Amino acid sequence: MTPVPTPVRFKGTDSYLTNEGLQAAVNCALTLQRPLLVKGEPGTGKTLLAEAIAQSLGHRLLTWHVKSTTRAQDGLYVYDTVQRLYDSRFGDGDVRDIRRYIRQGPLGEAFSAPERVVLLIDEVDKADLEFPNDLLHELDRMRFRVTETGDEVVAKHRPVVVITSNNEKELPDAFLRRCVFHFIDFPDADLMRRIVAVHHPGLDGTLAEQALKVFYELRNFTRLRKRPSTSELIDWIAVLKSQGVTDVKLDESLPFLGALLKKEQDLVSVAEAFGRGRRPRA
Amino acid sequence: MFLPFFYELRRRGVKVGAQEALALAGALRAGLHDSGLDGFYHVARALLVHSETQLDTFDQAFLAHFKGVETAGLELTQELLSWLEEARERRDLSPEELALLEQLDPEEIRRMLEERLREQKERHDGGNRWVGTGGTSPFGNGGFAREGIRVGGKGGRQGMALMQAGARRYAGYRDDLVLDTRQMAVALRKLRAFARDGSPDELDVDESIAATARNAGELEVVTRPPRRPNTRVVLAMDVGGSMDPYAAVMSRLFSAASHATHFKELRIFYFHNCVYGKLYATPQLTGGMTVPELTAQVGRHHKLVMVGDASMAPYELSIRTDAEGHYKADGLEGLTWLMQLAQHFERNVWLNPEPMGTWRTGTISVIARVFPMFPLTVEGLGEAVTHLTRGRTVKGVAARR
């Protein structure tokens, strides 16, 4: 199947700001109809990207949250053997109709949807090493066979597949080759200013500037074990706003630091470096 | 046209293949690059690079390969010319425009394009010039002119591709750099292995079906123990003295290892320079147990990870001590203690923070004959873990000789 040029181009949404690199990656994925693999620091909006794509293209979003126990098969369909065994023993329902015991997973749902959908496979690295390999064929051909019934599920419209990874595990090469890759950079101060403005419209300008300054000072503080990220900044500003704080600077009185730093050691080392040893109010 | 760029990437270790080439060709045909070097940079990066560790290499390759294009503009001109021809076929032109086109021979076009490319700093937004911007020209899709503007005029946006590539913002993600905690945790995670162990409290569906069938349809439930992590690790770290410069990276390794929840058992020991009969429980070299005690307590299947610079005065390898670490003329040499450890544990590695270039000489080369030695970088740790799990050494890096 030759890729059909898609006239739709992704440009971000009102609440999701992008840059050229991300737009190019999304548009490549849309045009070539390949899965889009998004990596990046936690809190840079990998998951939100799928929502933004769905929103801007006007498609429905299906999500598949991958866990450490998730198997590739679960995404296609689940054959509820135990229910069938139970029914056969205790006589409820029509046991002979095997289709009654086959439930579609997120991937199966996306394939059989009557319209094009956006499928988010979230945190693909959480699952077993073999997980991505097991999905290769299905994502490539966008079809699979239900072995129990012999039915073939073929995608009517190839879904837009967005895969996020936190890089906890290496992904297999064969899998990577089939994906369009994008690494979400940490936003620079300029983009961050726009992101903050989108999430907190009407925020006092000086507070925003001060908060950003503190935020980047903390990020550049190399002794932190976990550096704060975008989502933490947004949360922190929300707390500052709701508590009516009007100015912040990086010293011992920095309010609500707990919203930015999530590790005990980090709070301690910040206190040592900036607060003359006194713990800030968390 | 872009094939040399592919080989440039391969030469630098970004393994691009035919699949990537086809994907890129498809994307370019669909016009995703907006006919500009800038767009091409983003499209190529999305399709050719599969890991953030390769982004920096890609940027460098891009810079090296297209730098000439930026200044001389020759190769790009070639492509622009072909685009111009395409445009002529596609667009509906008025007879006047066509007549205008016919007047100019390809040589003239090429000359003017080259001129423009050289004058990149200059804005030329007069929309009616025939290779200019602004869409009224039949060559509007050429994109070359838009490129020219982006180079000279609009700073402060994303910057131009070559400028971006030149900024080398992904240098921090290279995989041959020394690790941070998270990367270490990722590498260590590969060490995990599972085994079914403990009380059977998980439903074994397949067995249940088989048992039920054998039972003529009477439901028979079979359970099995759940999968649990089954990796046991002994980690021994060199502290003090020559290791001081590496204190930060060692503390990260320690925190990554001690936070790893996927080991069934993790024992951490310390030593100074070389093991003299005893491994200590604290960095202050107190507590701990002797090597004979350790080898008696833990099995051969524990994985032994030694971390140290392996650099010391040569005589320190041959100091004779007893198992308590006291000097004794009839004790065992430091090197012998190391060999005892290496012999007991079937899978062992030595991670060395020193750059690999220094490994050929001194005590490092001696110890590298006892333990397979890997550099303490993302790449090295990954290979060490591969060696620990499979007992197979990735060619080229291990210093086992």
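1. Start at Glu123(A), which sits in the loop between strand E5 (117-122) and helix H6 (131-141) of chain A. Bear in mind that this is a predicted model. Glu123(A) isn't a glycine, yet its phi is positive, at about 55 degrees. That catches the eye because most residues other than glycine have a negative phi. As for its surroundings, Glu123(A) is partly exposed, with a relative accessible area of 26%.

2. Chain B has a residue worth a look for a similar reason. Ala310(B), in the loop between strand E9 (303-307) and strand E10 (320-321) of chain B, has a positive phi near 55 degrees and is not a glycine either. Is Ala310(B) buried or exposed? Ala310(B) counts as buried, with a relative accessibility of 0%.

3. Now for chain A as a whole. You'll find eleven helices and nine strands in chain A. The chain has 282 residues, and 52% of them count as buried. If you take the contacts in chain A with a separation of 6 or more, 72% come from residues 24 or more positions apart.

4. Helix H4 of chain A, residues 81-90, is a good one to trace from end to end. At the N-terminal end, Asp80(A) acts as the cap: one of its side-chain oxygens lies 3.1 Å from the backbone nitrogen of Gln83(A). After the helix comes Gly91(A), with a positive phi near 75 degrees.

5. Which residues of H4(A) are buried? They are Thr81(A), Leu85(A) and Asp87(A). Looking down the axis of H4(A), the buried residues fall within an arc of 165 degrees, so they line one face of the helix. A reminder that helps here: an α-helix has 3.6 residues a turn, so residues three or four places apart point the same way. The buried residues of H4(A) pack against strand E3 (77-79) of chain A, and also against helix H11 (205-214) of chain B. In other words, the packing of this helix involves both chains.

6. That brings us to the interface. Chain A and chain B bury about 3500 Å² between them, with 55% of that on carbon and sulfur atoms. Glu20(A), Arg177(A) and Phe181(A) supply 19% of the area that chain A buries against chain B, more than any other three residues. Counting residues in the contact, 35 come from chain A and 44 from chain B.

7. What about specific pairs across the interface? The rule finds one salt bridge between chain A and chain B. In a salt bridge, the side chain of Arg177(A) meets that of Glu20(B), at 2.5 Å from N to O. There are also four residue pairs in polar contact across the interface, counting pairs with both residues at pLDDT 80 or more. On the chain A side, the elements giving two or more residues are helix H1 (20-32), H4, helix H7 (173-177) and strand E9 (180-184). H1(A) gives the most, with eight residues. By type, the chain A side divides into 13 nonpolar, eight polar and 14 charged residues.

8. Last, have a look at His42(B), in helix H3 (residues 37-48) of chain B. Its side chain makes a polar contact with the side chain of Glu20(A), at 3.4 Å. His42(B) is buried, with a relative accessible area of 3%, which is under the 20% cut-off for buried. Its partner Glu20(A) is one of the three residues picked out above for the area that chain A buries against chain B.

Notes:
Residues are numbered from 1 along each chain as its sequence is written. Chains are lettered from A and ligands numbered from 1 in the order in which they are written. This is a predicted model: local features need pLDDT of at least 70, side-chain atom pairs count only at pLDDT 80 or more; totals for chains, interfaces and linings use all residues. Side-chain values use heavy atoms; hydrogens and water are left out. Buried means under 20% relative accessible area, exposed over 50%, partly exposed in between (1.4 Å probe, protein chains only). Helices (H or I, at least four residues) and strands (E, at least two) are DSSP runs, numbered from the N terminus. The arc is that of the directions from the helix axis to the C-beta atoms. Contact means heavy atoms within 4.5 Å. A polar contact is a pair of N or O atoms within 3.5 Å; within protein, one must be able to donate a hydrogen and the other to accept it, and residues adjacent in sequence count only if both atoms are side-chain atoms. Buried area is the accessible area (1.4 Å probe) that two parts lose on being put together, summed over both. A salt bridge is a side-chain nitrogen of Lys or Arg within 4 Å of a carboxyl oxygen of Asp or Glu. Ala, Val, Leu, Ile, Met, Phe, Trp, Tyr, Cys and Pro count as nonpolar, Asp, Glu, Lys and Arg as charged, and the others, Gly among them, as polar.
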